[in-house]
Amino acid sequence: LNQRQVTDNEVNGPPIDDYFGHGVYSWSLSGVRFLALNGDFTEDGIPWQHLDFPSHSDEKWTDANLPENQLAWLESQLDQAAAASQRVIVFIHYRLDGGPDGPVGKGLGPPLPNPNHRSWIDNCTLRNAQRLRTILETRHPGIVWAVFSGHDHTPNPPWTQLFHDSPIYYTHAAM
């Protein structure tokens, strides 16, 4: 895209992958800021190397986390989007609507069809999803339109939205 706007880290600092890990970036187009996040980190912020050959015991797909530096970057991106009167769409591999106090099956979205499915949804959810949801929903209320994720091979329900003007958390079926 010739209209892509890169972050300061991509232009003026070290390569963004060196700082945040692979797959973290933003771009803006037609009044919308798109943010890509990477949850392939341990609770201590150590990036995963390879799940088939883990380099440490905390490296497992059921224990994905967004590290502190990405959370701070996300807050900065939301502030910049608000200052530019942009709306925001977020992409992340892991579900954000499950986990402790996760809103899956509540609000305006479809209900949870089978309560026994909740443990699977929670396993497919980023471990610090509640913190991420709080940032997305309260830093600049109404600015985030949607969060697109995957990871869950059979997302049911596939989307969650607590109330009008809150983000829609949409989970695509993973392949």
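The points below comment on a predicted model of a protein of 175 residues.

1. Confidence. The average pLDDT of the protein is 84, and 79% of the residues score at least 70. The weak part to note is residues 1–16, where pLDDT stays under 50. For that stretch the model has 26 contacts beyond four places in sequence. Those contacts should be read together with the pLDDT of the stretch, which stays under 50.

2. Secondary structure. The protein contains 5 helices and 6 strands. Read from the N terminus, their order is α-α-β-β-α-β-α-α-β-β-β. Several of these elements return in the points below: strand S1 covers residues 25–29, and helix H3 covers residues 68–83 while helix H5 covers 129–138. Strand S3 spans 87–91 and helix H4 spans 118–123. Towards the end of that order come S4 at 144–149, S5 at 159–160 and S6 at 168–171.

3. Burial and contact range. Of the residues, 44% count as buried. The exposed surface of the protein is about 9,000 Å², and 54% of this is supplied by carbon and sulfur atoms. Taking contacts between residues at least 6 apart in sequence, 64% join residues at least 24 apart.

4. Nonpolar core. The largest nonpolar core has 25 residues, and the members that touch the most others are Leu 78, Leu 96, Leu 126, Leu 132 and Leu 136. At least two residues of this core come from each of H3, S3, H5 and S4. H3 gives the largest share, 5 residues. Leu 132 can serve as an example: with neighbours within four places in sequence set aside, Leu 132 is in contact with Leu 37, Leu 66, Leu 71, Leu 74, Ile 92, Leu 96 and Leu 126. Two of these partners, Leu 96 and Leu 126, are also named among the core members that touch the most others.

5. Salt bridges around Arg 139. The structure holds 6 salt bridges. One of them pairs Glu 75 with Arg 139, with the closest N and O atoms 3.6 Å apart. Glu 75 sits in helix H3 and Arg 139 in the loop between H5 and S4, so this pair ties together parts that are 64 residues apart in sequence. Arg 139 also forms a salt bridge with Asp 79, where the closest N and O atoms are 2.8 Å apart. Asp 79 is likewise in helix H3, so this second pair ties together parts 60 residues apart in sequence. Through shared partners, salt bridges join Glu 75, Asp 79 and Arg 139 into one network. The three residues are partly exposed: Glu 75 has a relative accessible area of 25%, Arg 139 has 36% and Asp 79 has 30%.

6. A buried salt bridge. The side chains of Arg 95 and Asp 152 meet at 2.8 Å, N to O. Arg 95 lies in the loop between S3 and H4, and Asp 152 in the loop between S4 and S5, so far along the chain that 57 residues separate them. Both Arg 95 and Asp 152 are buried.

7. Two buried serines. Ser 28 lies in strand S1 and is buried, with a relative accessible area of 6%. The side chain of Ser 28 makes a polar contact of 3.1 Å with the side chain of Gln 86. Ser 166 lies in the loop between S5 and S6 and is also buried, at a relative accessible area of 6%. A polar atom of the Ser 166 side chain is 3.5 Å from the backbone nitrogen of Leu 162. Beyond four places in sequence, Ser 166 is in contact with Val 144, Trp 145 and Gln 161.

8. Trp 159. This residue belongs to strand S5 and is partly exposed, with a relative accessible area of 27%. Not counting residues up to four places away in sequence, Trp 159 touches Leu 108, Gly 109, Pro 110, Ile 168, Tyr 169 and Tyr 170. Trp 159 and Gly 105 are 54 residues apart in sequence, with their C-alpha atoms 8.3 Å apart in space.

Methods:
Residues are numbered from 1 along each chain as its sequence is written. This is a predicted model: local features need pLDDT of at least 70, side-chain atom pairs count only at pLDDT 80 or more; totals for chains, interfaces and linings use all residues. Side-chain values use heavy atoms; hydrogens and water are left out. Helices (H or I, at least four residues) and strands (E, at least two) are DSSP runs, numbered from the N terminus. Buried means under 20% relative accessible area, exposed over 50%, partly exposed in between (1.4 Å probe, protein chains only). Contact means heavy atoms within 4.5 Å. Accessible areas come from the Shrake-Rupley method with a 1.4 Å probe; for residues, only the protein chains shown count as cover. A salt bridge is a side-chain nitrogen of Lys or Arg within 4 Å of a carboxyl oxygen of Asp or Glu. A polar contact is a pair of N or O atoms within 3.5 Å; within protein, one must be able to donate a hydrogen and the other to accept it, and residues adjacent in sequence count only if both atoms are side-chain atoms. A nonpolar core is a set of buried Ala, Val, Leu, Ile, Met, Phe, Trp, Tyr and Cys residues joined through side-chain atoms within 4.5 Å. pLDDT is the predictor's confidence in each residue, from 0 to 100.
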